[in-house]
Amino acid sequence: MSDYDPMAVEARWQARWDRAGLFRVDDCDPDRKQYYCLEMLPYPSGKLHMGHVRNYAIGDAVARFHRMQGEQVLHVIGWDSFGLPAENAAIQKGEAPRRWTLENIATMRSQLQRLGLGYDWNREIATCLPEYYRWNQWFFLRMLEKGIAYRTSRPLNWCDSCNTVLANEQVVSGRCWRCDSPVARRQFEQWFLKITDYAQELLDNLNGLESWPEKVRSMQQNWIGRSEGAEVAFAVDGSDLKIRVFTTRIDTIYGATYLALAAEHPDIPELIRDVAERKAVQAFLDEQLARNLEDRFADTAEKQGVFTGRYAVNPFSGEKVPIWIGNFVLTDVGSGAIMSVPAHDERDFAFARKYGLTIRPVVRPVDGEPLDPATMEGAFSDYGIACTSGRFDGLHTEAAGEVMGRHAEEHGFGKRTVTYRLKDWGISRQRYWGTPIPVIHCPDCGPVGVPDDQLPVLLPEEIEFSGEGGSPLARVPSFVETSCPSCQGPARRDTDTMDTFVDSCWYYFRYLDPRNGDQPFDWEQARSWFPVDLYIGGVEHATMHLIYTRFWTMMMRDLGLVDIDEPVLRLFTQGMVNKDGFKMSKSRGNVVDPDDLIERYGADTIRLFSLFAAPPDRGLDWNEAGVEGCHRFLTRLARTVGRVASHLPASGTPEPMGECNGDTLLLRRKTHQTIARVTFNLGPRMHLNIPVSAIMELVNTATPLLKRLGGGDDGSGLPWALRECFETVALLLTPFAPHFAEDIWERLGNRRFISDAAWPVARQDLMEEDEVTVVVQVNGKLRARLTVAAGVDREVALAAAREDEGVARYLDGKQLRKVIFVPDKLLNLVVG
RNA sequence: GCGAAAGUGGCGGAAUUGGUAGACGCGCCGGCCUUAGGAGCCGGUGGGGUAACCCGUGGGGGUUCGAGUCCCCCCUUUCGCACCA
């Protein structure tokens, strides 16, 4: 055990790295390739968890690998330090959010440092500091000028538990993404960012993100949800109101036998003002609007609706159709109103059957009977031939859409259009611990942006938290009361703060220029590092952070701040860390604590196991016995190196001249094959579990040869080959267990940091086998393995196979019909 | 319901993408060392069979000289989306 004391080893090397400023990156070096390795920055919740450890172990392995390959690597960390937990801690324990947050950062920073991650700590940022968030405000003002930021009132998702509104992305099956409580709808005056202006570009660019996981791309594609169709206005009978509906099937409009509106539709009050049905409608609305999103739109919810008593006119046919309100109509989709075509849409069909509404087929199957509404069991939603559709009869309906859309445009009651599921990003939050929105509301001038020279709008420190009654900032008169920048009259500050996803939109640009006081960052400093080469994080951010940050980059480009369209070249989503098949959670009591583990095994063992136990993109089940296996490997290796170091030729001894042979050759071959295998799997493939096992294999190959050391130079070259082998092991292990690698590197007599050493290069001449195993199959079944010289031709191999008893037995008395020969690999004899 | 991914020993997982299935690690079995060991070292370990051999990558078909890998159907699991007009 005395051969390996992780605590001492790790402390020592961390101190030396730090003193040498090993991971510091100053100016960009024009002679080297720049590699930007980025991991999603953590929220400082208190302590590191195993998910962090895995994320950062992956990133550090890749970063160190690229460094050793001679690239200039930027590897940085920071803190996503605005957010609800800090505020909740203030409410529950009376601790100031700022203090609570900074203490957590201090704790977690030291945990990260104990892991020996190669970060440039000089570039560390925390988003909750005014030096950072002032630029959030600056960006907001620029967007306000360009009309990207705007204010409007809209029904929004409200989380009672977080006491704030949520963006659509932050609602997961009707529940809050953060606290999992049900989400309700409420009407709010809010600041929005016009992300929808970028919807098409966000969608189009997905094709170019070839090194992003297919899964994330398709999630974003679905999230953006482009759909092509037409907007048609239905005039309300006996009123000036027009109801706009969006449809992707304008070809079925002659079959529209009623309209259905979402309960939130803004025209409903006007529609029902004077009708006899008013009471019933209002009761229905009250009931609908009181329910939260989750069960209102749950799959199981039965279709329900109520007739408004009003009729609309189908602009194509002139037919009067009833206007209903339906619980299946989504307010966020299209215009919140649909034309219902029961014959050709399943939902409309179910609704029509339930309420006895007309079902009128207007599409005939291409080769089939016309539909009979009396006997139909479901909607016919395929394309076909138009019928009962006036002048459009006989058209194929796929083409009819185009024609009918044009017809609507020509007659001024509709137009062909594209809609997106993606909605503008509501960023106002009724919370304290976030970036204050830099706007002053003036009774005369309206909302006015705070002038740049008055930034940052600082978050007041003296604050009382009750957890009730809306935004805490609204109760701080010294914050609220101010004067209008435009007319100097008395005015009030906006008391909302920004969604914390704003913070994470651009933090990795700030890393390049973290102390710039004049602008968010200087693109001239930053440009050669962009786009980010590799971005590692959890897949849970696929439709939130990763869409917002892409949008932000485009917005910055349009502001002239950057000249890239997409921020991230390659995205890698790591899998979750589980225990006993379950997600680690306090309630389940299966949380493992990184500090405990580091104390027991050392950071290197923890890092090694995190990477060894599963491919990084898959789930990882934390398994104590497996950790011990990794620890055992390191201990054994340390002991071996300690024992043999003095028997090896001095470090730097030149390679012996002449051919090597026997075990020496085998060892050198294995060494170089391992270099190739580790390099390939660490770099392009990022299968980080393979390199670890390859290194273990190499050690297993070398160990039995050690007993032949100590007899002086026997002319075999073996001692030199062993030095090469162990130095290679140390080098290859550096990305995985860096302190350990430094330590054995030093014990092998090297003076400079292994972290600064060059990555080994596999020598082709040494990798090649001179003897190979050729598998002999007879009719596809394995019958023999022959050891032959590499490169033998078909005839030689065949002759050797015929001589083999195990093969000959199967050839006896049969006719050889065909011979398949894969050089150096396989010989398949087909007999019959 | 729709979409995607995955299914390989007792377990985590390999297989350089159509050519020796089970690398590496865990666990287990045997041996050595030891007063003792939850330490260390050596050996074994997919299943069946005394053996020659046979069977084996969720199930069933297919393509091929040859399939864990390719094609079709089905089952299971996980993850996304879920009335998107």
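This text walks through a predicted model of a protein chain and an RNA strand.

Start with the whole of chain A. Its C-alpha trace spans about 110 × 85 × 50 Å along the principal axes. The chain holds 26 helices and 34 strands. Of its 832 residues, 54% are buried. Now look at which parts of the chain touch. Take the contacts between residues at least 6 apart in sequence. Among these, 72% join residues at least 24 apart.

Next comes the RNA. There are 49 residues around RNA strand B. T247, T248, R347, R785 and R809 come nearest. Which parts of the RNA face them? Of the strand B atoms that come within 4 Å of the protein, 62% belong to sugar and phosphate. Sorted by class, the residues of this surface are 22 nonpolar, 10 polar and 17 charged. Helix α21, residues 689-702, gives the largest share, with 6 residues.

Some single contacts are worth finding on the screen. In R421, a side-chain N or O atom is 3.2 Å from a phosphate oxygen of RNA strand B. In N700, a polar side-chain atom lies 3.3 Å from a phosphate oxygen of the RNA. A613 uses its backbone instead. One of its backbone N or O atoms lies 2.7 Å from a sugar or linking oxygen of strand B.

Now turn to the empty space inside. Rolling a probe the size of a water molecule over the atoms shows where such space is left. The structure holds 2 cavities of 30 Å³ or more. The largest has a volume of about 190 Å³. Its lining consists of 17 residues. L84, R178, R429, D499 and T500 lie nearest the centre of this cavity. Strands β6 (164-166) and β25 (497-498) each supply at least two residues of the lining. By class, the lining has 7 nonpolar, 6 polar and 4 charged residues.

Two loop residues make a useful pair. V591 sits in the loop between β29 (582-583) and α17 (594-601). Is V591 buried or partly exposed? Its relative accessible area is 47%, so V591 is partly exposed. Beyond its neighbours within four places in sequence, V591 is in contact with M584, S585 and K586. D197 is 394 residues from V591 along the chain, and their C-alpha atoms are separated by 43 Å.

S389 lies in the loop between β17 (385-386) and α12 (397-410). Its relative accessibility is 1%, so S389 counts as buried. With neighbours within four places set aside, S389 is in contact with Y254 and V362.

Finish with the backbone. Most residues other than glycine have a negative phi, and most peptide bonds are trans. Here are some exceptions. The peptide bond from L455 to P456 is cis, with omega near -5 degrees. P456 is in the loop between β22 (446-449) and α13 (477-480). The bond from F530 to P531 is cis too, again with omega near -5 degrees. P531 lies in the loop between α15 (523-526) and β26 (534-538).

Phi angles give further cases. N163 is not a glycine, yet its phi is positive, near 60 degrees. This residue lies in the loop between β5 (149-159) and β6. N163 counts as buried because its relative accessibility is 15%, and the cut-off is under 20%. M686 also has a positive phi, about 55 degrees, without being a glycine. M686 is in the loop between α20 (662-682) and α21. With a relative accessible area of 1%, M686 is buried.

Terms used. Residues numbered from 1 in each chain as written. Chains lettered and ligands numbered in written order. Predicted model: local features only at pLDDT ≥ 70, side-chain atom pairs only at ≥ 80, totals over all residues. Heavy atoms only, no water. Near = heavy atom within 4 Å. Polar contact = N/O pair within 3.5 Å; in protein donor to acceptor, adjacent residues only side chain to side chain. Helix = DSSP H or I, 4+ residues; strand = E, 2+ residues; numbered from the N terminus. Nonpolar A, V, L, I, M, F, W, Y, C, P; charged D, E, K, R; others polar. 1 Å grid on protein atoms, 1.4 Å probe; cavity = no way out; pocket = protein on both sides within 12 Å on 5 of 7 lines; lining within 4 Å. Points joined across faces, edges and corners; volume = space filled by probe spheres on them. Buried < 20%, exposed > 50% of the residue type's maximum accessible area, 1.4 Å probe, protein only. Contact = heavy atoms within 4.5 Å.
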